[in-house]
Amino acid sequence: MQSTLITPFSQNIASLPFQGRNSTQKIKFRQNAISAVAVSAPARRPPPVTHSMPPEKVEVFKSLEGWAKTSILPFLKPVEQCWQPSDFLPDPTDRTDAFFDEVRSLRARTDELPDDYFVVLVGDMITEDALPTYQTMINTLDGVKDETGASAGPWAVWTRAWTAEENRHGDLLKTYLYLSGRVDMHKIERTVQFLIGAGMDPGTENNPYLGYVYTSFQERATFISHGNTARMAKEGGDQILARICGTIAADEKRHENAYSKIVEKLLELDPNGAMLAIADMMRKKITMPAHLMYDGQDPKLFEHFAAVAQRLGVYTAQDYADILEFLVGRWKLEKIEGGLSSDGREAQDFVCGLAPRIRKLQERADERAKSMKKAGQHCAKFSWVFNKEIALL
Ligand SMILES: [Fe+2]
Ligand SMILES: [Fe+2]
């Protein structure tokens, strides 16, 4: 059983009507100066909800196939125009000393970066590397799943090509980390294997309305996170790592635009269904994709990684509220008037008022964290960086 450090959301939002059905949903709750991570305790696990989209709504996605082809597939880049990990790495085919010189200078650059930065970069890389889990998740969604594994439908084409683009992210970060010699690759690889084996349940219930709300949120979260590791690499003097993280962030942004455009379309065609889906995902809280990470050593590994990311400002509770606020604006949720039932209007009020509420809850949690700091755990050992103690708070 996982302990709960600070759970502002679970105490407050969970008590609202339409409580999320999956009690294992958890949220990273972190603030800038003082770190605190909220991880809800999976006390009792109710049976998972499956196939929650009414069967007739499969037709919505069927009817959108032509639109997806012309409006979503163009967000993909042709393979010929895509960067590949080797473009950013020392060229091993170079038989002169240039290869070794490049590796040496990579190692000299990364030697200047602190261990806590590596903890966050490794956590981000591991999150990317659990890509099979995310493709599996999308292929649980009714009406858009890849029925054969090579289906010609535009939803399936998108999912495969999206996966193929994403696959470069973990590859590149992993090779860069390997060459740096700053991290314990065996422990990292073991964490990836545990994580893919564990999977994830973001509470999307085979429902593409919920699934695309989730992916919209997550792509923006990764855009922010990689953008911040880029900024910090630049500040730390590693311009190439900065370019790598920035390039990955740009992919995430493009993916975010595609997924949030799908939700925008659903809001246009079925405002009530889409509004209820957005509210449902937010009530459950957006589960972080790597929340089940484990290295065979630290049962609170995700919590500890999240705390370091919070402390460094790579991904924070503030970001969570910002993403929500951004999407509410992007989807113009406040302005939607027609086509909402009373439940839909209630969902609209909930979602549109949620970001300020999260910020308020966070302020209270900050106060609690201050007192917790006196008695609480300040550091954790990370196997990824050879069991060095890294400050959490
Ligand atoms: Fe990615
Ligand atoms: Fe992504």
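This passage describes the confidence, metal sites, salt bridges and aromatic contacts of a predicted model.

The mean pLDDT of the protein chain is 89. A value of 70 or more is reached by 86% of its residues. Residues 1–42 have pLDDT below 50. This stretch still has 137 contacts in the model beyond near neighbours in sequence. Where pLDDT is low, the predicted coordinates should not be read in detail.

Two iron ions, ligand 1 and ligand 2, lie 3.4 Å apart and are bridged by Glu166. The protein donors of the iron ion (ligand 1) come from Glu128, Glu166, His169 and Glu252. Glu128 appears twice in the donor list, each time through OE. His169 donates through ND1. These donors lie 2.1 to 2.3 Å from the ion. Along the chain they follow the spacing E-x37-E-x2-H-x82-E. The iron ion (ligand 2) is coordinated by OE atoms of Glu166, Glu219 and Glu252. The distances here are 2.0 to 2.1 Å. The spacing of the donor residues in sequence is E-x52-E-x32-E. Glu166 and Glu252 link distant parts of the chain. Glu166 belongs to helix α7 (residues 154–180) and Glu252 to helix α10 (residues 239–269), 86 residues apart. Both Glu166 and Glu252 are buried.

Salt bridges number 23 in the whole structure. One of them joins Arg182 to Asp115, with the closest N and O atoms 3.0 Å apart. Arg182 lies in the loop between α7 and α8 (185–198), and Asp115 in helix α5 (residues 115–129). The two residues are 67 apart in sequence, and the pair links distant parts of the chain. Arg182 and Asp115 are both buried.

Other salt bridges lie within a single helix. Arg231 and Glu235 meet at 3.5 Å, N to O. Both are in helix α9, 4 residues apart, about one turn of the helix. Arg231 counts as partly exposed because its relative accessibility is 35%. Glu235, at 60% relative accessible area, is exposed. Lys265 and Glu268 form a salt bridge with a closest N to O distance of 3.3 Å. They are 3 residues apart in helix α10, so about one helical turn separates them. Lys265 has 17% relative accessibility and therefore counts as buried. Glu268 is exposed, at 54%. A network of salt bridges links Glu165, Arg168, Asp251 and Arg254.

Arg168 also has its charged end over the ring of Trp83, 4.1 Å from the ring centre. The charged end of Arg220 sits over the ring of Phe326, at 3.5 Å from its centre.

The structure holds 14 aromatic pairs. Among them is the edge-to-face pair of Phe61 and Tyr209, with centres 5.7 Å apart and planes at 80°. Phe61 is in helix α2 (residues 58–63) and Tyr209 in helix α9 (residues 208–235). The pair links distant parts of the chain, 148 residues apart. Phe61 and Tyr209 are both buried. Phe305 and Trp384 also pair edge-to-face, at 6.2 Å centre to centre and 65° between the planes. Phe305 lies in helix α12 (residues 301–312) and Trp384 in the loop between β1 (379–382) and β2 (388–391), so the pair ties together parts 79 residues apart in sequence. Both residues, Phe305 and Trp384, are buried. Ring pairs further link Phe61 and Tyr209 into a cluster with Trp155, Trp158, Trp162, Tyr212 and Tyr259.

Conventions: Residues are numbered from 1 along each chain as its sequence is written. Chains are lettered from A and ligands numbered from 1 in the order in which they are written. This is a predicted model: local features need pLDDT of at least 70, side-chain atom pairs count only at pLDDT 80 or more; totals for chains, interfaces and linings use all residues. Side-chain values use heavy atoms; hydrogens and water are left out. Rings of Phe, Tyr and Trp (its six-membered ring) pair if their centres lie within 6.5 Å; planes under 30 degrees apart count as stacked, over 60 as edge-to-face and the rest as tilted. Buried means under 20% relative accessible area, exposed over 50%, partly exposed in between (1.4 Å probe, protein chains only). A charge sits over a ring if NZ of Lys or CZ of Arg is within 6 Å of the ring centre and within 35 degrees of the ring normal. Donors are N, O and S atoms within 2.8 Å of the metal (3.2 Å for Na, K and Ca); water is not among the atoms, so sites may look incomplete. pLDDT is the predictor's confidence in each residue, from 0 to 100. Contact means heavy atoms within 4.5 Å. A salt bridge is a side-chain nitrogen of Lys or Arg within 4 Å of a carboxyl oxygen of Asp or Glu.
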